Amino acid sequence: MKRSLALGLSLTLLASPVMATEKDTLKARQDRLSNQLEESKKAQDETDAELDITEAERDAVSTEIRAVNERLEGLSEQIAVQQEEADAARTELEETRDQLAAQGQYLESQKALLSERLRVLQVHEDRSYLQVVFESRSFGDFVTRLLTAQTIAEQDRDLIHTYMNEVERLETLEARQRTQLSFLKQKERELVVTKQALDVAAEQKRDLLSELNEQVELLELEKMSRAEEQALMNEQSRIIAGQLEAIATAEREAAEAQARAEAEARAKAEAEAKAQAEAKAAAEAKGQSDEKATASPAPTTPPPAEAPTNVSGPATSFVRPVSGYVSSPFGPRQNPLTGVAESHRGIDLVNATGTPIVAAAPGIVIKAAPATGYGNVVFVSHIVGGAVWTTVYAHLDSITVSSGQTVSAGQTVGTLGNTGWSTGPHLHFELHRGQWAPGQPNAVDPGPYIGY
């Protein structure tokens, strides 16, 4: 049954220009795919090399950051020690200030006492200690006055010496205070300068590492996208090769069938001719040459092979893959995720999650799996009006077909969803005039083709 169906298909296609057009289109498409695949592989090699360099730079920066972090940890310990010293210096400074305050009060009292003594001496400046002593009335009074004069003289000397010592002590304490204050400020400046320098270095390294991480992510994403592109192009090439092989098989079987039919027709004609010749010779031998020969009926052309009725030609139109309103048309827009201006290479049709998504035309599934950006996606290759087309159904919640499967127009290929780079449930639908290719150069606005 399969063989007869292929034969019938080949005869039907050979009887029209569609097969030749389809074959030429498929061959041209296969050549373009081969070139694009080579370009994609070269681009991936460049991406791999750039990724290796960027990863090496990232590793080097990570090592530097670890070194800076170690220095920061050491600095933290140093800061803690210096902070303890600064705290001790502050404590000692406060103690010195307390001592200065106490000594100041004592000095003021000593200054008052000395002033009083000087005032007394000034009042009695014309009287010496000896005069005071010799004015005694008795020996006992003399001794008492003498001892008193000596005591007063010693006290005056002690008061002066104490005053000078306290002044010197005050100056020493003030110098010590200035030294401690200078030391404290210097320590604080060192802490601030060192920490600021290391903080700046660490921040610069972190910024560089963040930038390199972003570059690595982008390169890894590009690498993954390249691999997916190549897998898709390889699958397209495989399917095209299968289609070309099917056409070649159909052509070969058609040629063999036609040769057999022609050989059978020739053999039958030869047999009929031979029978007529033998009949004619027999008639002449019997003397019946004047009578009209009553030979067998003239040979007739065999009826053409009957084309199967269950084979239809290529599709000539597309059906709508899902109902809903268009949230983002084909063409320029701002990416809803990044806000960056871009060219939207399809249309977004909004409906509820789980709504069935159908194939827009008969064809063969090229890819049915998750893909970067697209999420769960189905790619279908079609022959429409003798030309190759490709449709893309992205952000699906689920996929109900598999790669290599033949689908009919209106057949469910998945359900509407919100997977991949999507901001809400919708179908991202693309239509490509020819094969899908990196950069989507063959994308056309699907709206007019599906009634939007």
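**Strands, cores and salt bridges**

Biologist: In which strand is His395 found?

Modeller: Strands are DSSP runs of E (at least two residues) and helices are DSSP runs of H or I (at least four), numbered from the N terminus. This is a predicted model, in which local features need pLDDT of at least 70, side-chain atom pairs count only at pLDDT 80 or more, and totals for chains, interfaces and linings use all residues. Residues are numbered from 1 along each chain as its sequence is written, and side-chain values use heavy atoms, with hydrogens and water left out. On that basis, His395 belongs to strand β8.

Biologist: What is the phi of His395, and is the residue buried or exposed?

Modeller: The phi of His395 is near 65 degrees, a positive value in a residue other than glycine. Buried means under 20% relative accessible area, exposed over 50%, and partly exposed in between (1.4 Å probe, protein chains only). With a relative accessible area of 6%, His395 is therefore buried.

Biologist: How many residues has the largest nonpolar core?

Modeller: Such a core is a set of buried Ala, Val, Leu, Ile, Met, Phe, Trp, Tyr and Cys residues joined through side-chain atoms within 4.5 Å. Phe318, Ile357, Val378, Tyr393, Val413, Leu427 and Phe429 have the most contacts inside the largest one. At least two of its residues come from each of β4 (347-350), β7 (375-384), β8 (387-399), β10 (412-416) and β11 (427-433). The number of residues in this core is 24.

Biologist: Which residue of Asp348 and Arg333 is buried, given that a salt bridge joins the two?

Modeller: A salt bridge is a side-chain nitrogen of Lys or Arg within 4 Å of a carboxyl oxygen of Asp or Glu; here the closest N and O atoms are 3.5 Å apart. The pair links distant parts of the chain, with Arg333 in strand β2 (residues 331-334) and Asp348 in strand β4, 15 residues apart. Arg333 is partly exposed because its relative accessible area is 22%. At 6% relative accessibility, the buried partner is Asp348.

Biologist: Which residue joins Arg333 and Asp348 in one salt-bridge network?

Modeller: Arg333 also forms a salt bridge in which the closest N and O atoms are 2.8 Å apart. The partner there counts as partly exposed, at 29% relative accessibility. Through shared partners, the network is completed by Glu342.

Biologist: Which residue forms a salt bridge with Arg238?

Modeller: Arg238 counts as partly exposed at 47% relative accessibility. Both partners lie in helix α4 (residues 139-285), three residues apart, about one turn of the helix. The closest N and O atoms are 2.6 Å apart, and the partner is Glu235.
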